[in-house]
Amino acid sequence: MKILVTNDDGINAEGIEILAKTARKFGEVIVIAPEDQCSAMSHHITLRDKMTIRKHDFAVPGVSAYAFGGTPADCVRASYLGLFKDGEKPDLVLSGVNKGANCGYDIQYSATVGAAMEALLYGVPAICFSQNYFTDEHECHTDVMHAHIEEILRDLISKPLDKGLAWNVNFPSCKIEDYKGILFDRFPAQSAFWDDVYVVEDNNTPEKEVVLKTIPIEKAQEGSDMQAVIDGYISIGTIRNTVIR
């Protein structure tokens with residue numbers, strides 16, 4: 001199996017190294033990921049600007065890696081529309097492991113998800129992986145992700161989805177002793193993971209600064225992806241590219 005790994009935190013992010021190392025156990029892996037941080041770019045693609053591509057010194061043995069001067073969706077799009085010849089194109093796209101959960105309304109903004117949605121346009125299966133964390137001031141516990149990502153990837157590879165659907169996996173930020181298990185069939189919560197408020201700061205000039213301030217929510221609908229990770233479960237659900245019939 002040929003596996004394309006990308007992300008939206010940039011090619012130097014810890015999460016993409018973990019995902020590529022895990023994927024290497026299931027096939028031939030190539031990493032094509034943005035040079036820079038691309039969070040919250042959704043399905044954004046580059047149309048008019050030139051994009052660079054360069055070989056990247058990647059930490060996982062046996063994995064070829066390239067830093068791409070575009071978005072995660074660009075990385076996938078270019079892979080199927082020119083970077084690879086027929087017969088060389090990957091059979092599976094993995095996106096992540098994202099720093100931050102992709103649950104509820106946040107799925108709409110996620111460039112991790114945008115990469116998967118792009119893969120579905122070419123009939124390629126896709127899986128998103130995300131790691132919940134609360135704020136940069138709090139420790140992000142990744143023990144559950146490290147312990148279970150391989151078994152989850154093996155399981156989901158063996159479960160092909162209907163056309164237009166991708167898997168969406170979210171890991172909780174909790175200590176391993178507080179981990180409660182895996183919940184399948186989680187639906188997107190009908191809210192964002194954060195209570196956002198835009199604050200206008202008065203700096204005594206005509207041009208004001210607007211700052212986004214966020215507080216993580218503590219409760220969501222039962223059965224939702226968000227409530228699962230809040231409660232210490234791994235959430236697994238499906239997301240749909242709505243233009244595919």
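## The second largest pocket

The lining of the second largest pocket is a mix of eight nonpolar residues, nine polar ones and one charged. This is a predicted model, so keep that in mind as you look around. The pocket has a volume of about 410 Å³. There are 18 residues along its lining, and Ile107, Gln108, Met117, Arg240 and Thr242 are the closest to its centre. Two elements, α3 (111–121) and β11, each give two or more residues to that lining.

Which element gives the largest share of this lining? That would be α3, with three residues.

## The largest cavity

There is also closed-off space to look at. How many cavities of 30 Å³ or more does the count give? The count comes to one, and the largest cavity has a volume of about 50 Å³. Its lining is made up of Ile107, Asn168, Arg186, Phe187, Pro188, Asp225, Ser235, Gly237, Thr238 and Ile239. If you sort those lining residues by type, you get four nonpolar, four polar and two charged.

Strand β11 (residues 233–240) gives the most here, with four residues in the lining of the cavity. You've met β11 already, as one of the elements that give two or more residues to the lining of the second largest pocket. Ile107 turns up twice as well: it lines the largest cavity, and it is among the residues closest to the centre of the second largest pocket.

## Helix α3, under cover

Back to α3, the helix with the largest share of the pocket lining. It is mostly covered, with 10 of its 11 residues buried. The buried ones are Ala111, Thr112, Val113, Gly114, Ala115, Ala116, Met117, Glu118, Ala119 and Leu120. Met117 is thus a buried residue of α3 and also one of the residues closest to the centre of the second largest pocket.

What does the covering? The elements over the buried residues of α3 include β1 (2–6), α2, β5, β6, β7 and β11.

## Helix α4, with a bend

Helix α4 covers residues 143–157. At 1.5 Å a residue, its 15 residues should span 21 Å, and the end C-alpha atoms are 22 Å apart, so the two values agree. Even so, α4 isn't straight all the way: there is a bend of about 45 degrees at Ile149.

Which residues of α4 are buried? They are Val144, Met145, His148, Ile149, Ile152, Leu153 and Leu156. Many of the gaps in that list make sense with a bit of background: an α-helix has 3.6 residues a turn, so residues three or four places apart point the same way. The buried residues of α4 pack against α1 (14–23), β5 (92–99), β6 (126–131), β7 (165–171), β8 (181–183) and β11.

## Phe129 in strand β6

One residue worth zooming in on is Phe129, which lies in strand β6. Is it buried or exposed? Phe129 counts as buried, because its relative accessibility is 0%, and the cut-off for buried is under 20%.

Leaving aside neighbours within four places in sequence, Phe129 is in contact with Leu19, Leu94, Ser95, Gly96, Val97, Asn98, Thr112, Ile149, Ile152, Leu153, Val169 and Phe171. Among these, Ile149 is where α4 bends, and Thr112 is one of the buried residues of α3. Leu19 is 110 residues away from Phe129 along the chain, yet their C-alpha atoms are separated by 8.4 Å. Two other contacts, Gly96 and Val97, are joined by a cis peptide bond, with omega about -10 degrees. Val97 sits in strand β5.

## Ser79 in helix α2

Ser79 belongs to helix α2 (residues 72–83). With a relative accessible area of 0%, Ser79 is buried. Not counting residues up to four places away in sequence, Ser79 touches Leu4, Ile32, Phe84 and Lys89.

## Two loop residues with positive phi

Finally, have a look at two loops. Ala40 is in the loop between β2 (28–34) and β3 (53–55). It isn't a glycine, but it has a positive phi of about 65 degrees. Its relative accessibility is 58%, so Ala40 counts as exposed.

Asp185 is in the loop between β8 and β9 (194–201). Its phi is positive too, near 60 degrees, and Asp185 is a residue other than glycine. At 68% relative accessibility, Asp185 counts as exposed.

Conventions: Residues numbered from 1 in each chain as written. Predicted model: local features only at pLDDT ≥ 70, side-chain atom pairs only at ≥ 80, totals over all residues. Heavy atoms only, no water. Buried < 20%, exposed > 50% of the residue type's maximum accessible area, 1.4 Å probe, protein only. Contact = heavy atoms within 4.5 Å. 1 Å grid on protein atoms, 1.4 Å probe; cavity = no way out; pocket = protein on both sides within 12 Å on 5 of 7 lines; lining within 4 Å. Points joined across faces, edges and corners; volume = space filled by probe spheres on them. Nonpolar A, V, L, I, M, F, W, Y, C, P; charged D, E, K, R; others polar. Expected span 1.5 Å × (residues − 1). Bend = angle between axes of the 7 residues up to and from the residue.
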